[in-house]
Amino acid sequence: NKVTFWEEALVLGIYEAHAAEALSRRVLPPGSQFAQPAMTSFLNRFVGYMMAFGISLDKARSSVSATLRKHATLLGSSSKTYATALLKPYENAPGRAGGAGSAPAPTGGTFTVPA
């Protein structure tokens, strides 16, 4: 089932980001706080991957939202922050009517550490 694949891919991507964050905490001073959710380049491009496989932005948005709602007990308050981080690059992309469309894939490292 395609829906199950994308749900599992998103959850695994979030787990990967949390694992990378846990590794990065080893070199940070005790008590360091993270203002943003753990993100990887895969998560930054996740909605773009869905769209590249022919899934519309509306369906990608609803799939991401449904998956995050489904796993809200595990993610806690960061589920809404993840929704914003995953969808924001695609919500207001230029060149499409209504402001929605495909944004270029975000660039950067494999792990984003908030300042």
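Which residues are linked with Asp 58 in a network of salt bridges? Keep that question in mind while we walk through the model, which is a predicted one.

**Stop 1: the whole chain**

Start with a cartoon view of the protein chain. Its secondary structure comes to six helices and zero strands, so coloring by element gives you the run α-α-α-α-α-α from the N terminus on. Now switch to coloring by relative accessible area: of the 115 residues in the chain, 35% are buried. If you draw a contact map and keep separations of 6 or more, 65% of those contacts join residues 24 or more positions apart.

**Stop 2: the network**

Select Asp 58, Arg 61 and Glu 91, and show their side chains. These three residues are the answer to the opening question, being linked in a network of salt bridges. Zoom in on Asp 58 and Arg 61, where the closest N and O atoms are 2.8 Å apart. Both residues sit in helix H4, and because they are three residues apart there, about one helical turn separates them. Arg 61 is partly exposed, at a relative accessible area of 24%.

**Stop 3: from helix H4 to helix H1**

Stay on helix H4, residues 57-70, and go to Lys 70. Its side chain meets that of Glu 7 in a salt bridge, with 3.2 Å from N to O. The pair links distant parts of the chain, as Glu 7 belongs to helix H1 and the two residues are 63 residues apart. Is each partner buried or exposed? Lys 70 is exposed, with a relative accessible area of 56%, whereas Glu 7 has 17% and counts as buried, because the cut-off for buried is under 20%.

**Stop 4: along helix H1**

Helix H1 covers residues 2-25. Select Arg 25 and Glu 21, whose side chains form a salt bridge at 3.5 Å, N to O. Since the two are four residues apart in helix H1, the separation is about one helical turn. Here too the accessibilities are worth a look: Arg 25 is partly exposed at 43% relative accessible area, while Glu 21 is buried at 9%. For your tally, a search of the whole structure finds four salt bridges.

**Stop 5: the cavity**

Next, select Val 11, Ile 14, Tyr 15, His 71, Leu 74 and Leu 75, and show them as sticks. They line the largest cavity, which has a volume of about 30 Å³. The count by the rule used here is one cavity of 30 Å³ or more. Which helix gives the most to the lining? That is H1, with three residues. Helix H1 and helix H5 (72-75) each supply at least two residues of the lining. Color the selection by residue class and you will find five nonpolar residues, one polar and no charged.

**Stop 6: Ser 79**

Finish in helix H6, residues 78-91, by selecting Ser 79. With a relative accessible area of 12%, Ser 79 is buried. Follow its side chain to the backbone oxygen of Gly 76, which it reaches at 3.3 Å. Then add Leu 68 and Ala 72 to the view: Ser 79 touches both, leaving aside residues up to four places away in sequence.

Terms used: Residues are numbered from 1 along each chain as its sequence is written. This is a predicted model: local features need pLDDT of at least 70, side-chain atom pairs count only at pLDDT 80 or more; totals for chains, interfaces and linings use all residues. Side-chain values use heavy atoms; hydrogens and water are left out. On a 1 Å grid over the protein atoms alone, a cavity is a set of points where a 1.4 Å probe fits but cannot get out, and a pocket is an open set with protein on both sides within 12 Å along at least five of seven lines; lining residues have an atom within 4 Å of a point. Grid points are joined across faces, edges and corners, and a volume is the space filled by probe spheres set on the points. Ala, Val, Leu, Ile, Met, Phe, Trp, Tyr, Cys and Pro count as nonpolar, Asp, Glu, Lys and Arg as charged, and the others, Gly among them, as polar. Buried means under 20% relative accessible area, exposed over 50%, partly exposed in between (1.4 Å probe, protein chains only). A polar contact is a pair of N or O atoms within 3.5 Å; within protein, one must be able to donate a hydrogen and the other to accept it, and residues adjacent in sequence count only if both atoms are side-chain atoms. Contact means heavy atoms within 4.5 Å.
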